[in-house]
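Let's take a walk through a protein chain together. Keep the picture open while you read.

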Amino acid sequence: MLVSLCLLGGVLSLIPKPSDTYASVTPVPLQPPPHSVESEISQPVSSAKQIALPSPSLQQDSKSPNILPDLRKWDVEVTVRSGDSLSVIFKRLGLSRSVSALLRLGAATKPLHRLHPGQVLHIQRDDQGLRHLMFRPTRSRETHYWRIPGGTYTIGHTDLPVEHRRRAVTGTINHTLFEAGDDAGLSPSMILELARIFGWDIDFALEIRKGDRFKLIWDEQWIQGQHAENGPILAAEFVNRGQTYQALRYIGKDGRADYYTPDGQHLRKQFLRTPVDFTRISSHFNPRRLHPVLKRVRPHRGVDYAAPTGTPVYAAGDGTVIRRGWKGGYGRVIFIQHGTRYTTVYAHLSRYARGLKVGSKVTQGQIIGRIGRSGMATGPHLHYEFRIDGVHRNPVKVRFPSLDPLRYAELADFRQQTWPMLIALRMPYNLRMAYADVQ
Ligand SMILES: [Zn+2]
């Protein structure tokens, strides 16, 4: 009931009013449909369908004459299944004849060609076929197609307001970080994100001890009263073997979000220690190795990471692709140049990231290709090399250069933006899941 009352104001303000924008359209009355607003909201609010109403901010994309779509009352709601396309779905619904008229909108129908399983098409129909179609190409956008006089269609969209809520949680490790994170109610991707933030200083495979603790504050996104997505971690603390590490998220002047210590030092280094997730080293850097294929001593000037074919491979640092192609025993290989001194090499790939070519700029952590077994390889793995001034170095042991700390000019802005988070990190360790009282 509370929901209905809250909605009443919204509903009333959503009833379309004639305005300049629509003044050119006279023949079609802009009025709510026959069913009254009262009756609609007095129904039990059991799902988002019934409370979804057109927003006044509907953006008109087309220049063609138009009318506002009616308040929604969907005749049918179809969940897209795998293998479905617009024409398949419309055929099923007996709406085939509306497809060609709809597709005459051309480029505006692009989102309809990219339907994916789970998406829901909301459809209003009448004896002429499709009257109004709405679906969400993204969680926060509604795209509408509706019929206008003359039998053609027009398009518009509504961006739904996204509400941000700050959440906070603490956890203590008994066995593994994943168990502790799960106990605290964190999703696997959030746990992974936490490990990524502190992975520069803590080896999560080897250095985690019983009693290690963490605190986490993150942004949660809600759309129309429903949890939509977990946003980024805004602040975190990890106590590893008695030592406390803190991370604050800050978007710098260049627009790039990064994690910093409270005094403005970068947590990340110029290079990732491993350019793949969750793998084991299958062959170490070894100048005197007996080669598994050639069966003779041949130095192994890189590190091999065994992982299934298709596992993503990340650029270890910001740089430029200087080679991308087949090279003898390397198979499909990518060379990235980082500044003047550093080069990284990624070999035996099954494929390259789409669009990646010589000259492409890449950023640290960007997916550049997938693990494979191309070239001289006994099984799927990444052969990774790290070269300084052309000399091969052991990427597992080499000391990576630090990134420059925030400059004085940015530091004031950093402090101003992050201090509420820093204070919020003082929450006690016995806190379970909560909404953090920070803005
Ligand atoms: Zn190798």
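## A strand with two partners

Strand β14 (residues 312-314) and β19 run antiparallel, joined by three bridges. P312 has R370 as its bridge partner in β19. On top of that, strand β17 (residues 342-352) is also antiparallel to β19, again through three bridges. Here R351 is the residue standing opposite R370. So R370 turns up in both pairings, with P312 and with R351.

How many of the five residues of strand β19 are buried? Four of them are, so β19 (residues 367-371) is largely enclosed by the rest of the structure.

## The whole chain

Keep in mind that this is a predicted model. The chain holds nine helices and 22 strands. Of its 439 residues, 26% are buried.

What about contacts between residues at least 6 apart in sequence? In this chain, 61% of them join residues at least 24 apart.

## Two hairpins in a row

Now find strand β8 (residues 213-223) and strand β9 (residues 226-240). They run antiparallel and are joined by ten bridges. One pair to look for is E220, which stands opposite N230 in β9. The hairpin of β8 and β9 has two residues between the strands, and Q224 takes a positive phi near 50° there.

β9 then pairs with strand β10 (residues 243-251), also in the antiparallel sense, over six bridges. In this pairing, E237 stands opposite Q246 in β10. β9 and β10 form a hairpin too, with two residues between them, and R241 in the turn has a positive phi of about 50°.

## Zooming in on L130

L130 sits in strand β4 (residues 129-138). Is L130 buried or exposed? L130 is buried, because 21 other C-beta atoms lie within 10 Å, and 20 or more is what it takes to count as buried.

Who are its neighbours? Leaving aside those within four places in sequence, L130 is in contact with L95, S98, L102, I123, R125 and R147. You can also check L130 against S96: these two are 34 residues apart in sequence, and their C-alpha atoms are 9.2 Å apart in space.

## A helix with a bend

Last stop: helix α9, covering residues 408-424. α9 has 17 residues and reaches 24 Å from its first C-alpha to its last, close to the 24 Å expected at 1.5 Å a residue.

Where does α9 bend? Look at T418, where the bend is about 50°. A proline, P420, follows within four residues of that spot.

Methods. Residues numbered from 1 in each chain as written. Predicted model: local features only at pLDDT ≥ 70, side-chain atom pairs only at ≥ 80, totals over all residues. Expected span 1.5 Å × (residues − 1). Bend = angle between axes of the 7 residues up to and from the residue. Buried ≥ 20, exposed ≤ 12 C-beta atoms within 10 Å, placed from the backbone. Contact = placed C-beta atoms within 7 Å. Pairing = 2+ DSSP bridges.
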